[in-house]
Amino acid sequence: MQQTATDTPAPGPTDDAPRTGATRVLWLSTVGFTLMFAAWLMFGILGKPISTEFGLSEVQLSWIIAAAVLNGSMWRLPVGMLTDRLGGRKVMTFLLAGSSVPAYLVSRADSYAALIVLAFFVGFAGNSFSAGIAWNSAWQTREHQGFALGVFGAGNVGASVTKFIGPPIIAGTAGASYVLGVHGGWRLVPVVYAVLLLVMAALTWVVAPHHDMLPRQGQQLREQIAPLRQLRVWRFSLYYVAFFGAYVALAAWLPTYYMDNFSVELQPAAYLTALYIFPASLLRPLGGSLSDRFGARRVMYWTLGAM
């Protein structure tokens with residue numbers, strides 16, 4: 001009896017044959033990650049108008065930003081493991097849809113305590129990085145993984161999205177009111193993100209390959225965490241703190257820094273911050289491609305030396 005397409009087993013994570021749907025996975029995950037990264041760091045631009053409305057000090061504002069960054073980092077290991085077990089389509093859709101709820105509720109916040117709590121839950125969007133890495137790693141062939149992960153990683157250009165759209169929305173809609181009690185000014189920005197996140201969740205669920213790659217399905221927990229016994233995993237984590245940790249912190253805080261120390265308005269401060277963000281994002285595909293050719297460790301040492 002001839003075997004049907006539905007009976008054919010999906011190639012495993014070590015199979016280097018071309019995989020139908022890998023391109024869809026790459027672009028859906030990249031766009032989704034871009035949106036979630038933008039929502040994750042939106043408080044970098046919203047910080048000043050929020051501080052003005054609520055009378056917050058710089059320390060209080062820093063706690064709002066820190067709450068979002070913290071929750072966007074602390075769940076990355078379990079999210080990556082769940083992606084290996086359940087598939088990126090399910091996990092990315094959940095992250096997109098789930099992040100839209102606190103993003104919308106930020107627009108309804110009426111106290112500093114509410115902002116802290118909601119910023120923490122919005123920060124969950126930051127964990128989409130590990131979900132996207134695991135999803136693309138499962139779908140991309142080994143010789144193209146570096147470039148593909150670089151393209152996906154370039155989604156952190158989303159940190160610039162709010163820098164471009166935030167100030168015009170804030171200035172152009174201040175004092176306005178819309179349907180369903182939506183207010184203009186800074187409160188409109190999280191509503192825009194909530195809608196975009198929901199739309200992207202629907203697209204991911206519908207367009208992504210329904211028969212997902214599950215490289216760790218059925219694997220026991222101790223087997224999944226076995227790489228943590230290797231010293232190089234912790235060493236690479238330390239490198240990541242130096243590279244990405246500093247990048248996120250500066251991307252979130254530079255607008256306020258420019259405004260406070262150089263007396264510039266919100267829009268110029270946002271553009272200056274975007275100049276910092278773009279090279280770190282758009283060079284990622286190049287870094288991934290070089291890693292495919294010369295090895296990730298060598299390229300990482302070159303980058304550390306250049307810094």
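This passage describes the fold, core, salt bridges and surface of a single chain, as seen in a predicted model.

The chain contains 15 helices and 0 strands. Its radius of gyration is 20 Å, close to the 19 Å that the globule rule gives for 307 residues, so the chain is as compact as a globular protein of that length. Along the principal axes, the C-alpha trace spans about 70 × 50 × 30 Å. Of the contacts between residues at least 6 apart in sequence, 83% join residues that are at least 24 apart. Buried residues account for 45% of the 307 residues, while the accessible surface of the chain comes to about 15,300 Å², with 68% of that area belonging to carbon and sulfur atoms.

In soluble globular proteins, nonpolar side chains tend to be buried together. The largest nonpolar core of the present chain has 71 residues, among which Phe37, Leu41 and Phe43 touch the most other members. Helix α1 provides the largest share of this core, with 11 residues. When residues up to four places away in sequence are not counted, Phe37 touches Gly155, Asn156, Gly158 and Ala159, and also Phe244, Tyr247 and Val248.

Helix α8, which covers residues 145-153, has as its buried residues Gly146, Ala148, Gly150, Val151, Phe152 and Gly153. The cover over these buried residues includes helices α1 (22-40), α7 (128-139) and α14 (284-294). A further buried position is found in helix α3 (residues 58-71), where Asn71 is placed. Asn71 counts as buried because its relative accessibility is 2%, under the 20% cut-off for burial. Leaving aside residues up to four places away in sequence, Asn71 touches Phe120, Phe121, Gly123, Phe124 and Asn127.

The count of salt bridges comes to 2. In one of them, the side chains of Lys48 and Asp260 meet at 2.7 Å from N to O. Lys48 lies in helix α2 (residues 43-54) and Asp260 in helix α12, so this pair ties together parts of the chain that are 212 residues apart in sequence. Both partners are partly exposed, Lys48 with a relative accessible area of 24% and Asp260 with a relative accessible area of 32%. The other salt bridge is formed by Glu53 and Arg187, whose closest N and O atoms are 2.6 Å apart. This pair also links distant parts of the chain, since Glu53 is in helix α2 and Arg187 is in the loop between α9 (158-173) and α10 (188-207), 134 residues apart. Glu53 is partly exposed, with a relative accessible area of 44%, whereas Arg187, at 13% relative accessibility, counts as buried.

The loop between α9 and α10 is also the place of Tyr178, a residue that counts as partly exposed at 39% relative accessibility. Apart from residues up to four places away in sequence, Tyr178 touches Thr173, His183, Gly184 and Leu188. The C-alpha atoms of Tyr178 and Leu70, which are 108 residues apart along the chain, are separated by 33 Å. By contrast, the C-alpha atoms of Leu82 and Gln217 are separated by 9.3 Å, with their positions 135 residues apart along the chain. Leu82 is found in helix α4 (residues 76-86) and is partly exposed, with a relative accessible area of 42%. With residues up to four places away in sequence not counted, Leu82 touches Gly87 and Val91.

Nonpolar residues are also found on the surface, where Leu77, Leu221, Ile225, Leu228, Leu231 and Trp234 form a nonpolar patch with about 610 Å² of accessible area together. One of these residues, Leu231, has its place in helix α12 (residues 231-262). Leu231 counts as exposed because its relative accessibility is 66%, over the 50% cut-off for exposure. Helix α12 thus holds both Leu231 of the surface patch and Asp260 of the salt bridge with Lys48.

Conventions. Residues numbered from 1 in each chain as written. Predicted model: local features only at pLDDT ≥ 70, side-chain atom pairs only at ≥ 80, totals over all residues. Heavy atoms only, no water. Patch = residues over 30% accessible without salt bridge, like charges linked within 9 Å, V, L, I, M, F, W, Y side chains within 5 Å. Areas by Shrake-Rupley, 256 points an atom, 1.4 Å probe, with all protein chains shown as cover. Salt bridge = Lys/Arg side-chain N within 4 Å of Asp/Glu carboxyl O. Helix = DSSP H or I, 4+ residues; strand = E, 2+ residues; numbered from the N terminus. Buried < 20%, exposed > 50% of the residue type's maximum accessible area, 1.4 Å probe, protein only. Contact = heavy atoms within 4.5 Å. Rg over C-alpha atoms; globule rule 2.2 N^0.38 Å. Core = buried A, V, L, I, M, F, W, Y, C linked by side-chain atoms within 4.5 Å.
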